[in-house]
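Visitor: Please show me the chain, and then let us go through its burial, packing and cores.

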Amino acid sequence: MSTKTHEFTLEGGDGLNVSLAAEPRADGIDLIRLRWKSDRPSTPPLLTLRWVHSARDVQASWHPAPDRNKSFKADWMRELRSNATASAPVYALFDANGTNRMTFAFSDALNTVHYTGGIREETAEFQCSVQLFKEAAEPIDAYEAELLVDTRAIPYFDCLSDVRRWWSGMPGYAPAVVPETARRPMYSTWYSMHQNVTAEEVEAECRIARTLGMEAVIVDDGWQTEDNRRGYAYTGDWTPCEGKFPDMRRHVEAVHALGMKFLLWFAVPYVGIYSGTWERFKDKLVRFNEGSRAGVLDPRYPEVREFIIATYEEAVRAWDLDGLKLDFVDAFYAPEREQPSAVPGRDCVSIPAAVDRLLTAAIGRLRSLKPDILIEFRQPYVGPAMRKHGNMFRASDCPYDSIQNRVRTLDIRLLCGETAAHADMVMWHPEEPVESAALQLINLLFSVPQISMRLSALPPAHLRMLRRWLAFWEEHREVLLNGRLEPGNPALSYPTVQAVKGDRAVIVTYHDALVPLRADRPVREWTVVNGRQREEVVLEVSASLGEANIEIANSCGDIVDRLCVNLDLGLHRLPIPAAGTASIRFGRS
């Protein structure tokens with residue numbers, strides 16, 4: 001089957017009722033519709049949709065897996081994989097300027113899809129494929145899905161935005177409502193306290209956090225156990241440790257009294273061997289992890305799902321929680337390590353489908369208790385099938401790695417739309433230069449900050465720096481979160497990123513690069529952030545912008561210079577300090 005740009009072939013399903021049809025959706029966009037029907041419910045056949053795309057003028061690629069490595073893969077290497085609990089079925093190819101050459105996405109983000117856009121050495125062509133039903137699937141009598149192929153010569157990030165909107169318009173992926181608190185800075189106890197968390201210390205940190213503009217606290221692992229050795233052998237009962245949280249309801253009330261929301265951590269799939277729940281479910285596991293001394297519950301048993309749901313329901317009701325951090329949802333899915341079970345009672349075959357059932361029921365019942373409940377998910381389970389359940393998507397753990405935090409948050413932003421994209425919890429060394437510590441905040445500017453430092457122990461300069469950057473983020477929040485996001489060069493870890501909304505723009509440079517100020521935009525206020533440890537930023541002005549008043553500040557927000565500059569066509573050097581900013585305004589005194 002052919003379109004104007006590609007030849008598509010379907011492998012598998014011989015002798016069965018399988019069909020392909022092409023539908024031009026717009027200039028440069030094609031939908032390839034796949035249908036399969038059976039006379040009675042049966043296991044669907046292995047199906048592979050293949051096509052080839054020329055490598056001419058393709059220099060880079062993007063996919064949503066949380067990794068800095070955006071390099072091309074050879075066609076003989078392992079495919080990418082997605083389902084409800086892992087990534088999303090989308091892949092983009094573009095030139096060195098970020099102009100799209102081909103972006104493809106698949107409509108089925110719930111079931112496991114194997115896909116690739118690997119380069120063939122012999123022909124300099126990308127061998128593209130989408131493979132379905134390679135793993136255990138539910139018996140069905142019909143299946144229909146669409147492949148979107150976009151070859152428009154527009155910025156790659158605009159193609160991805162259109163893919164996100166395409167998914168969002170599907171009935172099964174309608175995004176959850178995002179409460180305003182989900183888009184505000186939060187305090188997390190994980191890196192600052194780990195499992196040594198106590199009610200007293202949380203309340204003390206919250207008193208400081210609130211003055212800095214943080215509006216919620218996430219109490220992480222440790223609240224449910226006396227054991228502080230970082231394992232999961234004691235998970236599964238989900239009752240507060242009396243020595244740490246003697247009265248959880250009173251503790252939550254104390255945090256509420258400060259004007260902050262309260263979220264509590266749960267490791268969704270884990271049941272440890274030392275928990276009281278172990279004996280009940282030890283034979284209903286997907287697998288057992290010897291290292292952490294915990295099993296992964298099997299969500300294909302309805303009684304397992306009901307236990308998990310009732311646990312969260314009771315926690316929200318009893319302690320007046322505002323949200324849940326639902327961790328390790330991706331741990332359910334590990335087909336290579338799944339152990340066989342002889343215990344009857346499973347009501348479905350597919351683990352991704354069972355997880356979707358679990359979350360659909362859990363979030364539905366929790367929202368009946370609190371319509372604006374906050375639900376945090378973490379990479380890699382941040383695809384379109386998860387947007388209907390969660391309203392906060394967090395970068396996967398990257399302690400102290402500000403560059404990885406930047407890459408992962410921007411990867412989330414490119415597909416998450418209005419869902420709140422959160423940075424991994426921010427930490428730094430308390431003795432490092434303040435400009436170095438500031439880079440942790442600068443690298444996450446286009447996401448919602450989560451802070452995880454002992455605020456009471458911060459040096460005064462670091463506290464000033466943190467206050468400054470949280471205030472800066474709040475001042476520019478509408479642009480940073482709601483503006484048109486333009487992340488440049490994913491293959492180089494997004495060295496320059498900008499967001500534009502109305503007549504305001506924020507541009508951050510993370511490496512030695514020219515910072516473009518485009519004259520074809522109605523921007524009257526440019527804010528340039530120097531996300532480097534070197535002084536000076538060079539602006540590249542595309543056409544004369546006229547006279548500008550420029551205010552330059554250091555990493556703590558102190559004004560160090562004021563300039564009046566005629567920004568003509570060409571290059572202009574600004575003496576912005578390391579981790580500092582320049583506010584450039586036109587038409588104002």
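Visitor: What percentage of the 589 residues of the chain count as buried?

Guide: This is a predicted model, in which local features need pLDDT of at least 70 and side-chain atom pairs count only at pLDDT 80 or more, while totals for chains, interfaces and linings use all residues. Residues are numbered from 1 along each chain as its sequence is written, and side-chain values use heavy atoms, leaving out hydrogens and water. With buried meaning under 20% relative accessible area (1.4 Å probe, protein chains only), the share of the 589 residues is 58%.

Visitor: Why is the chain as compact as a globular protein of that length?

Guide: The chain holds twelve helices and 32 strands (DSSP runs: H or I of at least four residues, E of at least two). The globule rule, 2.2 Å times the number of residues to the power 0.38, gives 25 Å for 589 residues, and the chain is as compact as that because its radius of gyration, taken over C-alpha atoms, is 25 Å.

Visitor: Which helix gives the most to the largest nonpolar core?

Guide: A nonpolar core is a set of buried Ala, Val, Leu, Ile, Met, Phe, Trp, Tyr and Cys residues joined through side-chain atoms within 4.5 Å. The largest has 130 residues, of which Trp167, Trp223, Leu445 and Phe446 touch the most other members. With eight residues, the main contributor to this core is helix 6 (residues 302-319).

Visitor: How many residues are in the other core, which lies apart from it?

Guide: Its members include Val18, Leu34, Leu49 and Ala145. The count for this core is 26 residues.

Notes. Buried < 20%, exposed > 50% of the residue type's maximum accessible area, 1.4 Å probe, protein only.
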